[in-house]
Amino acid sequence: MHPETRAARLAAPAPGQPVAVPLYQSSNFRFESPQQLAEAMTDPDSFAYSGYANPTNRALEQAMADLEGGEKSLVTASGSSAIAVSLQTILQHGDHIIAQKALYGGTVAIFNQLVEKWGIEVTYIDGVDANEVRQALRPKTKLLYLETIANPIGHVPDIPALAAEAKQNGLLTAVDSTFATPLLCRPIEYGADIVIHSATKYLGGHHDVVGGVAVFAGNALYRQAQQQAVKLGVVADPFAAWLIIRGLKTLPLRIARACESAARLAERMAAHPAVSVVHYPGLPTHSSHARATKLLSAYGATIAVEVHKAQRFMSNLELIMNAPSLGGTDSTAMHPATTSHRHLNADELRTAGVSQDMVRIAVGVEHPDDLWADIEQALSPKRT
Ligand SMILES: *Cc1c(COP(=O)(O)O)cnc(C)c1O
């Protein structure tokens, strides 16, 4: 063979069983015959084209289904696409959604677009009592949409009560569990049909990948969502899945450390005179504290604080970075009203519980004393 052909056809040796999950960075897979290829194209358990399915992605999908106690899962290009695929799978023109008020800003933006473009209406509830679902019901209600720990104020809805009420009325329940991860809460055990994650956050955990996961309690809904993801072209790239797998291996260690540090920092901030409110469900003063204690194994690693001159506090931070994302090894701070929730008008901001004085601190794995020293100096900087 010529060098051109030999270069094009280099192949990996068939190895023994590797310790790490291999990265199958291949857009397609070869078969012995056209019949085998044709069969593979329609067999959901085989791998033909990575825009449909890929072995590295499948490793992550199986791990997430297992951790969440679901039947199947789907790895997508982002958390937002996991949300969009789930909504497109469930909803038709003219349908109705019941959603909790405190939600990730990007989700509210998606809902607003559903309202404008598809005539899908949304009723917002607090999410503390099953009666709210009953009262919001309409003939075309299809979906109850919740967040386990709401971004950024840490609201925790009563998932078991709300999901039971939804099921009784023929609705599906989707829960964005990005802030909880499967280590703190498994919404499927509380009656959810779909659990959504932005894997960009805790699952990936190292600030180097954007991705999403949707976990399904049942196979039928998964199949529909999988076809939807293929049509939209939002199946995850294998390299992204591979990075998320790498992150997932240390998730229990990272989340334990970050939650422990967050609890300590929340207490210290609550006692600081320059802080007017600390929104952290681990504090007994938080309105969701009782539900969080019942439903979560820890209170999460994200704290929203209200401070006088929020922007100045953020500029004063030195160790904690001004950055928009969360859930990684490095602690970050951001101003929700002008970043994650910038699409919301004043009314919607009030509904989501986001004030102009609010700063969201996402606690990483650094030593908590170093984080506190930084927060303390930023709250009361020494005059020079
Ligand atoms: C970041 C985030 C999303 C969106 O995920 P991307 O990966 O950025 O698309 C959805 N839900 C929550 C709760 C988030 O924090």
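Me: Buried means under 20% relative accessible area, exposed means over 50%, and partly exposed lies in between (1.4 Å probe, protein chains only). Why is D369 called partly exposed?

Reply: D369 has a relative accessible area of 36%, which lies between the two cut-offs, so D369 counts as partly exposed. This is a predicted model, in which local features need pLDDT of at least 70 and side-chain atom pairs pLDDT 80 or more, while totals for chains, interfaces and linings use all residues. Residues are numbered from 1 along each chain as its sequence is written, and side-chain values use heavy atoms, without hydrogens and water.

Me: What makes R264 and D369 a salt bridge?

Reply: The rule asks for a side-chain nitrogen of Lys or Arg within 4 Å of a carboxyl oxygen of Asp or Glu. In R264 and D369 the closest N and O atoms are 3.3 Å apart, so the pair meets the rule. R264 sits in helix 11 and D369 in helix 15 (residues 368–379), so the bridge ties together parts that are 105 residues apart in sequence. Helices here are DSSP runs of H or I with at least four residues, strands are E runs of at least two, and both are numbered from the N terminus. R264 is partly exposed too, at 37%. R264, R268 and D369 are also linked in a network of salt bridges.

Me: How do you know that E121 and R138 form a salt bridge, and which parts does the pair join?

Reply: The closest N and O atoms of E121 and R138 are 3.2 Å apart, which is within the 4 Å limit, so they qualify. E121 belongs to strand 3 (residues 121–125), and R138 to the loop between helix 6 (130–136) and strand 4 (141–147), so parts 17 residues apart in sequence are tied together. E121 is partly exposed at 41% relative accessibility, and R138 is partly exposed at 39%.

Me: How many salt bridges does the structure hold, and where do R350 and D347 lie?

Reply: There are nine salt bridges. R350 pairs with D347, with 3.0 Å between the closest N and O atoms. Both lie in helix 14 (residues 346–352), three residues apart, about one turn of the helix. R350 and D347 are each exposed.

Me: Why is the largest nonpolar core said to lie between the two domains?

Reply: A nonpolar core is a set of buried Ala, Val, Leu, Ile, Met, Phe, Trp, Tyr and Cys residues joined through side-chain atoms within 4.5 Å. The largest one has 72 residues, and M269, I303, V305, F313, I361 and I375 touch the most other members. Helix 11 (residues 251–270) gives the most to this core, eight residues. Domain 1 (34–246) and domain 2 (251–379) both contribute to the core, so it lies between them; the bounds come from an automatic or database domain assignment. Apart from this core lies another of 33 residues, among them V108, Y222, A225 and V354.

Me: What makes domain 1 and domain 2 count as being in contact, and what area do they bury?

Reply: Contact means heavy atoms within 4.5 Å, and 36 residues of domain 1 are in contact with 40 residues of domain 2. About 3000 Å² is buried between the two domains, 65% of it from carbon and sulfur atoms; buried area is the accessible area (1.4 Å probe) that two parts lose on being put together, summed over both. P152, L184 and Y202 supply 23% of the area that domain 1 buries against domain 2, more than any other three residues. Across this interface the rule finds zero salt bridges.
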